[in-house]
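Grab the structure below and work through a few short exercises on how its chains meet. Try each task yourself before reading on.

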Protein chains: 2
Amino acid sequence: VTVPSSTVSDRSEAELIALIQAQLSSPPAWLTIGIGDDAAAMEPARNRLEVVTVDALVEGVHFERRFTPPDAIGHRALAVNLSDIAAMGAEPRGALLSLALPSDLLLDDFTEMTTGFARLATASRVSLVGGNLTRTPGPMMIDVTVFGTAKRRQLLARSGARPGDDVYVSGTVGSAAAGLALLKRNALASSGTRFPSAAHVQSAESACVDRYLRPAPRVRLGLLLGRNRAATACVDLSDGLADAAHQIARSSDVGLVIDGSAVPIDAEAQAWFDSSAPDPLVAAATSGDDYELLFTVRPRLRNRLKTVAAQAGTPLTRIGVCTSDRAVVWRRQQAGGAADEPMPLGYRHFR
Amino acid sequence: VTVPSSTVSDRSEAELIALIQAQLSSPPAWLTIGIGDDAAAMEPARNRLEVVTVDALVEGVHFERRFTPPDAIGHRALAVNLSDIAAMGAEPRGALLSLALPSDLLLDDFTEMTTGFARLATASRVSLVGGNLTRTPGPMMIDVTVFGTAKRRQLLARSGARPGDDVYVSGTVGSAAAGLALLKRNALASSGTRFPSAAHVQSAESACVDRYLRPAPRVRLGLLLGRNRAATACVDLSDGLADAAHQIARSSDVGLVIDGSAVPIDAEAQAWFDSSAPDPLVAAATSGDDYELLFTVRPRLRNRLKTVAAQAGTPLTRIGVCTSDRAVVWRRQQAGGAADEPMPLGYRHFR
């Protein structure tokens, strides 16, 4: 029984775990020992590699209370990891959820947050197999480990691109950054302990806002690229298109020429960048949080890729080509014709 | 090249990852894709279950800067997870390291911390396969996921204890709490951004202090208990003996009678509890961080257990018996003879 003013510090660790478990679907057959023992135990999938990744959301760095509804925090914490699994061409299977919670976190906000996590987990057929709960004197932190499986020959590494491969991106670029800007404009005045209500956020709702708050990782596309051996290298756009292009270039030891006019930016995001950035294209390419996939494809597999795009139901755009000279450049239309410029670096975490 | 006043914010994420990688042993053959891609990929062990756990250390909750040398933080963050793997009877294999770092963390402290992690990883034959780095406006947080393997029939769950089983504990109880108390008495006056030097901590050094700072998880004992099918249930003492006893009772649906006079408390810790606690035995049993194992054994397997103890090189003490009535009690010597009292609960995280 939850009274509105209850906080997580009014509950024991076991009670908070029980609240999470009530939101989950029933444990899968491969889970030998689940939540409640010292560790989880499970049967590996036959003839598959295990694929595993971890990512964290920290309040004040990756989200802010004054404009992020709690369900979106839980959703994003899982989604950013599913995006990494997708970029490997793997099928997600299970997750561990490690939460550091401020004592004054409202129990209602806690359950809304775990609801966002549980909903995406159920929709993605991901089972929560364990986790950790601790209090923190600082900002809320959500650390999620996701593991999945892939056949060895279907794995999408960063390192397989070759000169002559085409470069593709899924969906659109820059939407999440535009959504974040909209949300900030509409944020709560105070940065106190409260989260915005769903109704408050609704007032800033747009496709871009939803793209930022509740990204849809490209799991199905990644799986289809892997199964059809359609891509030679793949990364996700967590830190933006420019960063992703540099990652593929570095890991594959190739160069990339990206056609600036081909980069797909949706109309709402384009309007935002046009009105706010000195160089809208650079702003879009260096903005993060889109969770699309950037990947490379042999030109002779173009027809196979069309089938993949149709099966995945995802728009794919050819935006460039791999070269042999290691440089990562934009080709941009200017007054005097096309000119190549070095691609800027993306978002940097520490520097 | 490290200058003394450098902080982690003077380095890029890639540079910090390179500093960690330089401390690690070379990647194992089963690791198909390691650090540097969207996710790690690895071959599962044949005919084994996967065992996985996550645990976090938060500055101000699980350690304090004014009395914890950075190498001990890295060591403990891995050790607490190895202890969970040990309590399952599993063999640790790999880890993911997720760090949230304050921008003003000195680079020297960062590398000392990761050195503590890397040293224990190498000694335990655990490979770091991936992780995450983020800055935080709050306290430092270290979130570690460890995975390992076990044959199904060698797995040690919490739920297998039966009435009549003997109850054993490894090593000694209460040492870490005594060590923590000693450390606090000797702490730096300020709780600013600095960590104590090794020399400063040395001045408070004792076996108990080392037990608190650099616990040795009972991995070998857990493996031998599992391989020899010597234990019916097992948990680790992360939250203390009393909590562990309740966990086994609840999961196995049995009662436990613990003989208070049999609980092994080392002399230094005993002296500390005698001088500081109204009830030294309760203080020892409800103190955490010892990372010993509590487990149950069929009485007819007593000889097999002696062999396990000899092979593990670990003292094991029989401290009680499982009953059919679900109550968890102490049998304590008092003026009028022995009396049974309800076992107190252990450390609670939220309430």
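**Exercise 1: the contact**

Task: find how many residues each chain brings to the contact.

Solution: Count residues with heavy atoms within 4.5 Å of the other chain. Chain B gives 63 residues and chain A gives 63 residues. Keep in mind that this is a predicted model, where local features need pLDDT of at least 70 and side-chain atom pairs count only at pLDDT 80 or more, while totals for chains, interfaces and linings use all residues. Residues are numbered from 1 along each chain as its sequence is written, chains are lettered from A in the order in which they are written, and side-chain values use heavy atoms, leaving out hydrogens and water.

**Exercise 2: salt bridges**

Task: how many salt bridges cross the interface of chain B and chain A?

Solution: Look for a side-chain nitrogen of Lys or Arg within 4 Å of a carboxyl oxygen of Asp or Glu. That rule finds 6 across the interface. One of them joins A:Arg158 to B:Asp37, at 3.4 Å from N to O. Next, see which element leads on chain B's side: strand β3 (residues 49-58; a DSSP run of E, at least two residues) gives the most, with 9 residues.

**Exercise 3: strands across the chains**

Task: work out how β3(B) pairs with strand β2 (residues 40-42) of chain A.

Solution: Pairing takes at least two DSSP bridges. Here there are 3 bridges, and the sense is antiparallel. For one bridge, start at A:Ala40: its partner in β3(B) is B:Val52.

Technical notes: Helices (H or I, at least four residues) and strands (E, at least two) are DSSP runs, numbered from the N terminus.
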